[in-house]
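Biologist: I am new to this structure and would like to go through it with you, one question at a time. Could you show me the sequence and the structure before we begin?

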Amino acid sequence: MSIGHTLLGLLESGPRHGYDLKRAFDEKFGHDRPLHYGQVYSTMSRLLKNGLVEVDGIEAGGGPERKRYAITDAGITDVEQWLATPEKPEPYLQSTLYTKVVLALLTHRDAADILDTQRAEHLRSMRILTDRKRSGDFADQLICDHALFHLEADLRWLELAAARLDKLKASVIA
Amino acid sequence: MNAPGGSLLAAENLHKAYGPTMALAGAEFSIHPGEVVAVMGPSGSGKSTLLHCLAGIVTPDSGSIMYDGRELATMSDARRSELRRSEFGFVFQFGQLVPELTCVENVALPLRLNGTARKQAERTALGWMERLEVDDLARKRPGEVSGGQGQRVAVARSLVTSPRVVFADEPTGALDSLNGERVMELLTEAARSASTAVVLVTHEARVAAYSDREIVVRDGKSRDMERVV
Amino acid sequence: MSPRQSARDLGLGVRFAFAGGREGWIRAVLTAVGVGLGVAVLLLTTAVPNALSVRHDREQARLDWPFGSEQPAEGDDTLLVANADTTFRDKDVRGRLVEPEGARAPLPPGLSEFPAEGEMVVSPALKKLLAADGSALLRERIPYRVVGTIQESGLVGSQELAYYSGATGMATYAEGGGEATRLKEFGNPNPSKEETDPVLLLLVLVVIIVLLMPVAVFIAAAVRFGGERRDRRLAALRLIGADGRMTRRIAAGEAMAGALLGLVLGTVFFLVGRQVAGSVEVMGISVWPSYVDPSPALAALVVLAVPTAAVLVTLFALRGVVIEPLGVVRTAKPARRRLWWRLLMPLGGFAMLYPMIGQGRTDGDFNQYLVSGGVVLILVGITALLPWLVETVVSRLGSGGVAWQLAVRRLQLSSGTAARMVNGIAVAVAGAIALQMLFAGVDGAYTEPTGQDLTRAQMQVRVPDGAPLAATARKFADTKAVSKVTALWEGYLGDTSWHTENGPNLSAELTVGACPALREVAKLPSCKDGDMFVLDGDEYSADGPELNKPGRKLYVEPSGSGDTADVVWTVPRGITEAESVEVLTDYKRGGFLMTPSALPKAAEKLVSGQIYLSIDESVPDAYEYARNTAYQVDPLAQPMTWSATRQDTKFTTIRTGLLVGSACVLLLIGASLLVSQLEQLRERRKLLSSLVAFGTRRRTLGLSVLWQTAIPIALGLLLAMTVGLTLGAILLKMTDTPVGVDWASVLSMAGFGAAVVLLVTLLSLPPLLKLLRPDGLRTE
C-alpha cells in the first residue's frame, strides 16, 4: 500500500497537522498496523520536496514541532492518477505451498498431510476472521471479507490439489 | 456414556452402501453439547449420508452411533422418529417448507407434531421467528417470501422445539453469500445461546468458518481436522 | 406462421410426450390408457343400440307363430312346432319340439337338419350346461341325444340355452289352438321395428348420457395428467427462444400424442371388451361379439372427437397460464369463484326439462333433444358448481389436528384440482341416483304383481287334457321335495250360452276338487263327496251368489277344441254358502265349488286340471324334481314358478346395462384418481422426505392424504345427491309417476362412490410409504 498516496488523499478534505493525519490513517486503514510518527514525517518531507504538499502554517507551543500541511494542485493530480491506475492482479504463480507439495512428493513424504495441515491452518484463520467480522463494524467486515475470500480461494486450491495428488505425483516423478 | 470426551453424539466405523455405491466406508464423528461442527468434502464424498445416519434418518449397514448414551443404529424406526421430533432439528437446502401452510404454521409444525396446542405452538413459533428477524412474514406462504427469508423460517423451525442437535444440510446452498452468511450468523448465534449442537454439512469454506471444528469426508472416510496438527 | 412450422411444433410436442425417460413414458401411457378406456366405453356404448336391435331382429326371425289369420293346412311344406320351454335353476331354457310334415318343411334359423325323434340340436351354452357335473336333473328332463349345434343365426345371445328336439304325432295338438302350431315359415313376415315406448326410450337416453358424462369428465382430466411438469418444460423451451404460440402448439402436440395412442388402445380395449361381452351373461341377457358393432358414423365421430377434445381441453387449461422463460405465471390470483354463472347451467337444464313435466307415456314421444340437452346441462352443471362449493366450504373449515390442517390448507390453495378429481364421481353418482329413482318409480308400472303367496304353493302345473288328475297328483306327491299337492279342476260358468255373439253377461268360476283340496280355497263347515258350495267372493268375483238361483240354467265354458254343443247345468236348491279364503292363491275365489261326484258328467272334459305344489325349499334343487315330473307327464306342460313379482324383461336389460356401466365408469374414475394422487405425491417427494426427517409420523401424512380426498369427495357426493334427487324427481314427473325416494339405493350409490375413494386412498398408501423412505432426501 502506498502510504504517500493515502496521506495525500486524506489531505484533500482540508489541511491537517501531522498528528491528525496519523490518527485519521490509523482509524480508517491501520487496523493491522498503526503508523509510526517517524513514518508520517519522513513521508511528508518527501511529498514536500516533490511539491505535492505545502506547509500551511506552524503552530508554536510546547512539544514537538507542529506543522500544518495542505495539498497542492500537483498533489491532487497525483492522487487522481494513482486511483485511476488499476492494481496489478497478483498471479501467485510460484507459491511456497506448491513448492512444499512437490518436494514432499519427490522425497516420498506424505503430501496429503501437508495439504491437510495447511487446510486446518487456513480454516483456523478464517474462523478467527469470521469471529472478528461478527463483532466488527461495517468497514471491519469488508476488510475481513476481503481476507476471507482470499483464504477461501487458497482453500479451494488445497482441496483441488488434494484430489489430484496422484496425477501430480505421476507428472513430477516422471 | 462411552463416547469420547463426553460427547453428545458420536459415531464410529460407519459403513453404508447404496447398491454398488459405497457412501460411507468407516466414517467417524463426534460432537459435544453446544458445539458447531462442519462436515466438509467434495460432492459425492458421503457427507450427506453421514448426516442422515447421525440424525437417524438412515440406518448404517454397520458401525455404531451413540446419542446421549443410546445406540441409534439399532433403535426402532418409531423410536428414532420420536427422537427426531423432540430432540433434533433440521434445515435443508430447499423444498422443506410446506407450501400450503403459512410461515408461522410451518415453524409451529414440529411442536404440533409433538402434541402442542395450535395457539401455544404458534406463539412459541412467533418468538423464534422474531429472533431470526422474520416475524413480519408470519402470515405469508413460503411461495411469497425470498430464498433467504425462507431459509431463516426453516432455521426458526429447526430450533422451535429447543432441540439438542440441529442438522443443517447445505443450509446456504441456494443463497447468495450475503444471505447465506446472515442465515449462518443467526443459526449459530441462536444455537449457541440455547447450547444446541449443530452438525453443518457444507462445501463452502466460508460457511464452515462459522463452526468450531471441521471434519472432512473423502471417499466415505472422515478426518477430524483438529487432530491433523 | 407457416403450416410447416406448426407441424414441426406439433411433432416436437409428440416427441416430448414420449421423451423424458421413464417418467415421460409412464405419463404418456397413463394418459393414453385413460383416453383409451374412455374411447372403449364410448365405442361400446355406441354399439349398444345396434346390439339390442340385432337381438331383436334375430328374435323376430325365429318367431314360430303363424302370422296371418289362418293356420296353414297340412302339406309337405309345413312343420309342427310346440313350445317346450323349461327352467333349470334360475335359467330359462328355450325348448321347441319340431315335426316336419314333408320334405319342404321350413328349417328353424340356425339349424341345417331336423333332429329325429329322441334327438336334439342344442345351443353351445346348453351343451356345456348338460355336460356339467351338477346337471343330472336337467339331463333327466331333456334326455334326447345331442346331434348338432344351433348356429349363431338361430340364437339371440352366446349364452342362450336353447334346443330343438324331434317329435312325432303332434298333429292332434295343432287343432283348435292347442299347444302345437303348424308353420310354413319361421319369422315375422313383416318384422316389427324394435318398438320402444316413450318412457323406455327416455330411460335408454338417460342411461347413455349418465354413462358418457363421467367418461367425458374423465378424458378431460386424463389429458391434464402431469400438467405442472409440462408447464415447467415449456418454460425451459421459452428460455431457449420459443414464443408463446409455439409453446401452446407444442402442448397441443403432447396432448394429441396421448390421445392418439389412447385411440389405438381404445380400439384394442373395445375389441377385447367385445369378446368378453360375448362370453358373459348378465341377468339372462347375452350377446354375440358380432352384435357389438358401433355404427360407422358414430365410430368415426368418436375417432375425430376424442383427440380434438383432448387438444381443446389442454388449450383451455393453458388459458389462464402465461408461460414465461423463467417459469410459469398463473395470471394474477385466480378470481374468487362466482356462483351466478355456475347456477345458469343446471337451471338451464331444468328449464329444458320443465315443459315435459306431466307428459307421461300417453302423450307421444319425448323430445329427445330437449331431454338430452337438459340432462347433459344438469350433469355438466355439477362440474361447474363443485369447484365453487369446494372452495367456499374449504375456506371456512376450521382448525383440527396436524393431518387435518395439512389437508385443509392444501385444499384451500388448490381447490380447483381437488374438485376436478371428484367431478367424475359426482357426475356418475348424480346420474345413477336419478336413474335409480326413475327405475324404482317406473318399475311399479312394468312389474306385474303376480299375486301368489309363496307361503302357500310355489308351483302350479296344468294337467294335460286326458291325463287322469288323481293319478297325476299322486305322481307329484311321490316326487322328491314336494311337501303338499292340491289338485283342482277349474272352469267357468256363464248365464247364457258361450256360443252367442257377446258371450254371457254374468260368469263365475267353477272349482272342482276333493274336500281337502276345496278347504284350501274356502272355509267349509262340513264337506263330503257330492256337496256343492257357492262362494261369497270379493268385489271382483261376487257374481256367484247372484247366479245361485235354484233352477237357473248355467252354461259351462267350452274348451278350445271346437265343441259346439252347450253343456248346461241347472242350479239345484240349497247350495251351502261358504266364505272363500286366500290360502292357495293370493286372491279370493268366487263362483261355485263342487266335489267330484257333484260335477255333471258332460262337464268333466271342460274343466282343466291344475296341480298346486308346495315345495320344500330346503332340499337342494328342490324345484327341479317337480319340473322333471311335470315334464314326464307332458313335455309341453309348463310349470309356473311363482315369484312375488315378474319384471318386464326390457327393464332388466336396461338396469343391467346401468349397473355394469356404472361399475366400469366408477372404476375408470377410481383409476384416474389414483394416478393423479400418485403424481401429486411424486411431485412432493422432497417435501415429504423432509417432513419425515423431522419426525412426522407416517400416520399423520397418511391421514392428511385421506382427508385431502375425503373432504372434496364428501362435498361432491352431497352435491351429487342433491342434484341426482332433483333430476330424478323431475324425470319421474315427466313420466307422470308419483315421486318417491328409495333412500336405500341413494345411500348405496353414494356409498359406492365413497368406497371408490377409500380404495384409491388405500392403494395410494403403499407408494406414499415408499416415498416417505429417507432415500427421498438423496436426490441432490
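Biologist: Which residue stands opposite A:Val53 in E3(A)?

Modeller: This is a predicted model, in which local features need pLDDT (the predictor's confidence in each residue, from 0 to 100) of at least 70, side-chain atom pairs count only at pLDDT 80 or more, and totals for chains, interfaces and linings use all residues. Residues are numbered from 1 along each chain as its sequence is written, while chains are lettered from A and ligands numbered from 1 in the order in which they are written. Helices (H or I, at least four residues) and strands (E, at least two) are DSSP runs, numbered from the N terminus, and E2(A) and E3(A) pair in the antiparallel sense over 6 bridges, where two strands pair if DSSP finds at least two bridges between them. Within E3(A), the residue opposite A:Val53 is A:Ile71.

Biologist: Which are the edge strands of the open sheet in chain A?

Modeller: That sheet has 3 strands with antiparallel pairing, in the order E1-E3-E2. Each edge strand pairs on one side only, and the two are strand E1 (16-17) and E2 of chain A.

Biologist: Where in chain A is confidence lowest, and where is it highest?

Modeller: The mean pLDDT of chain A is 84, and 94% of its residues reach 70 or more. Confidence is lowest in E2(A), at a mean of 82, and highest, at 89, in helix H4 (residues 73-84) of chain A.

Biologist: Why are the buried residues of H3(A) on the same side of the helix?

Modeller: A residue is buried if 20 or more other C-beta atoms lie within 10 Å of its own, exposed if 12 or fewer, and partly exposed in between, with C-beta atoms placed from the backbone; in H3(A) the buried ones are A:Thr43, A:Met44 and A:Leu47. They lie on the same side of H3(A) because they cover an arc, taken from the directions from the helix axis to the C-beta atoms, of only 100°.

Biologist: Which exposed residues does the face of H3(A) turned away from its buried side carry?

Modeller: The buried residues of H3(A) have a cover that includes helix H1 (3-11), helix H2 (18-29), strand E2 (53-59) and strand E3 (66-71) of chain A. The face turned away from that buried side carries the exposed residues A:Gly38, A:Ser42, A:Ser45, A:Arg46 and A:Lys49.

Biologist: Which helix gives the largest share of the side of chain A that touches chain B?

Modeller: The contact, counted where C-beta atoms placed from the backbone lie within 7 Å, takes 14 residues from chain A and 12 residues from chain B. Helix H6 (111-135) and helix H7 (138-163) of chain A each supply at least two residues of the side of chain A that touches chain B. The largest share, 9 residues, comes from H6(A).

Biologist: Which strands stand at the edges of the open sheet in chain B?

Modeller: In chain B, 6 strands form an open sheet of mixed pairing, in the order E6-E7-E8-E3-E9-E10. Each edge strand has a single partner strand, so one side of each is left without a neighbour in the sheet, and these strands are E6 (88-91) and E10 (221-224) of chain B.

Biologist: Which residue of E7(B) does B:Phe88 stand opposite?

Modeller: E6(B) and strand E7 (residues 165-169) of chain B pair in the parallel sense over 4 bridges. In E7(B), the residue opposite B:Phe88 is B:Val165.

Key: Two residues are in contact if their C-beta atoms, placed from the backbone, lie within 7 Å.
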